Amino acid sequence: YHARTVLESSPELKTRVPNYFDFMSDATFEDFYNVFIRNPSIAYWGLWEQHVESWLALRNQHDMLVVKYETLSEEPEREIMRIAAFLEVKVTAEQVADVARRTTIDFMKLDKKCGMAGTKGVDTSVLRKGKVGDWETHFTSPYLKNESEKL
């Protein structure tokens, strides 16, 4: 199970949603966050913490490895080795380094297959910045403090 905090994934969703929902095109980031992410009657996957808790509750019942986006970004080689060990796949240091290199945002942006077309016909990459902590630039200070304390 690959987990990414709701604060980390929100900017990504904000770049995608206007391609499919015109009324969100001019929304502020905070309005988008409140409507699409924090409103349980609109967020079709439910609130982030409920979604994650429902999966984490199953980790002892199923053969499941939890991988956090932040850890994968900060220590890719270690996490790749952990994933390989979980899958019982033997890898060399060279293979791990190659996987780490090929799974960087910069490398993947060179691949034309990492694109998509929205319903408006707008072609956009499915990749954004891939930077841990970028969400902090999208929230105002009081709002950020309030949200990070809740989560």
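**Figure 1. The side chains of Glu79 and Arg82 join in a salt bridge, with 2.9 Å from N to O.** This close-up, like the others here, comes from a predicted model. Both residues belong to helix 5, which covers residues 76-86. Glu79 and Arg82 sit three residues apart there, so about one helical turn separates them. How exposed is each partner? Glu79 is buried, because its relative accessibility is 1% and the limit for buried is under 20%. Arg82 has a relative accessible area of 32% and is therefore partly exposed.

**Figure 2. Arg78 and Glu79 form a salt bridge through their side chains.** Here the distance from N to O is 3.1 Å. Is Arg78 buried or partly exposed? With a relative accessibility of 46%, Arg78 counts as partly exposed. Its partner Glu79, at 1%, counts as buried. You have now met Glu79 twice: with Arg78 in this view, and with Arg82 in the view before.

**Figure 3. A salt bridge links the side chains of Asp98 and Arg101.** Look for the nitrogen and the oxygen that lie 2.9 Å apart. Which helix holds this pair? Asp98 and Arg101 are both part of helix 6, made of residues 93-102. They are three residues apart, which is about one turn of the helix. Asp98 is partly exposed, at a relative accessible area of 29%. Arg101 is also partly exposed, with 42% relative accessibility. Back in the earlier views, which residues are joined into one network by salt bridges that share partners? They are Glu75, Arg78, Glu79 and Arg82. In total, the model has five salt bridges.

**Figure 4. Thr71, in helix 4, touches residues that come later in the sequence.** Helix 4 spans residues 69-74. Thr71 has a relative accessibility of 18%, so it counts as buried, the limit being under 20%. Which residues does Thr71 touch, once those up to four places away in sequence are set aside? They are Pro76, Arg78 and Glu79. Two of these names should be familiar: Arg78 and Glu79 share the salt bridge of Figure 2.

**Figure 5. Helix 5 and helix 6 pack against each other at an angle of about 115 degrees.** Two numbers are used to describe a pair of packed helices: the angle between the axes and the distance between them. For helix 5 and helix 6, the axes are 9 Å apart. The crossing of helix 5 past helix 6 is right-handed. Which residues meet where these helices touch? From helix 5 come Pro76, Glu77, Ile80 and Met81. From helix 6 come Val96, Val99 and Ala100. Sorted by character, the residues of this contact are six nonpolar, no polar and one charged.

**Figure 6. Ala93 of helix 6 is an exposed residue.** Its relative accessible area is 61%, and exposed means over 50%. How far is Ala93 from Glu77 in sequence and in space? The two are 16 residues apart in sequence, and their C-alpha atoms are 8.7 Å apart. You may remember Glu77 as one of the helix 5 residues that meet helix 6.

**Figure 7. Ile83, in helix 5, touches Leu65 and Val67.** These contacts leave out residues up to four places away in sequence. Ile83 is partly exposed, with a relative accessible area of 27%. How far apart are Ile83 and Val66? Along the sequence they are separated by 17 residues, and in space by 9.3 Å from C-alpha to C-alpha.

**Figure 8. Stepping back, the protein has eight helices and four strands.** In what order do the elements come, starting at the N terminus? They run β-α-α-α-β-α-α-α-α-β-β-α. The protein has 151 residues, and buried residues make up 32% of them. Among contacts with a separation of 6 or more, 51% are between residues 24 or more positions apart. The protein exposes about 10,000 Å², and carbon and sulfur atoms supply 57% of that area.

Technical notes
Residues are numbered from 1 along each chain as its sequence is written. This is a predicted model: local features need pLDDT of at least 70, side-chain atom pairs count only at pLDDT 80 or more; totals for chains, interfaces and linings use all residues. Side-chain values use heavy atoms; hydrogens and water are left out. A salt bridge is a side-chain nitrogen of Lys or Arg within 4 Å of a carboxyl oxygen of Asp or Glu. Buried means under 20% relative accessible area, exposed over 50%, partly exposed in between (1.4 Å probe, protein chains only). Helices (H or I, at least four residues) and strands (E, at least two) are DSSP runs, numbered from the N terminus. Contact means heavy atoms within 4.5 Å. Accessible areas come from the Shrake-Rupley method with a 1.4 Å probe; for residues, only the protein chains shown count as cover. Axes are lines fitted to C-alpha atoms, for helices over the stretch in contact, and angles run from 0 to 180 degrees between N-to-C directions. A crossing is left-handed if the near helix is turned anticlockwise from the far one by less than a right angle, and right-handed if clockwise. Ala, Val, Leu, Ile, Met, Phe, Trp, Tyr, Cys and Pro count as nonpolar, Asp, Glu, Lys and Arg as charged, and the others, Gly among them, as polar.
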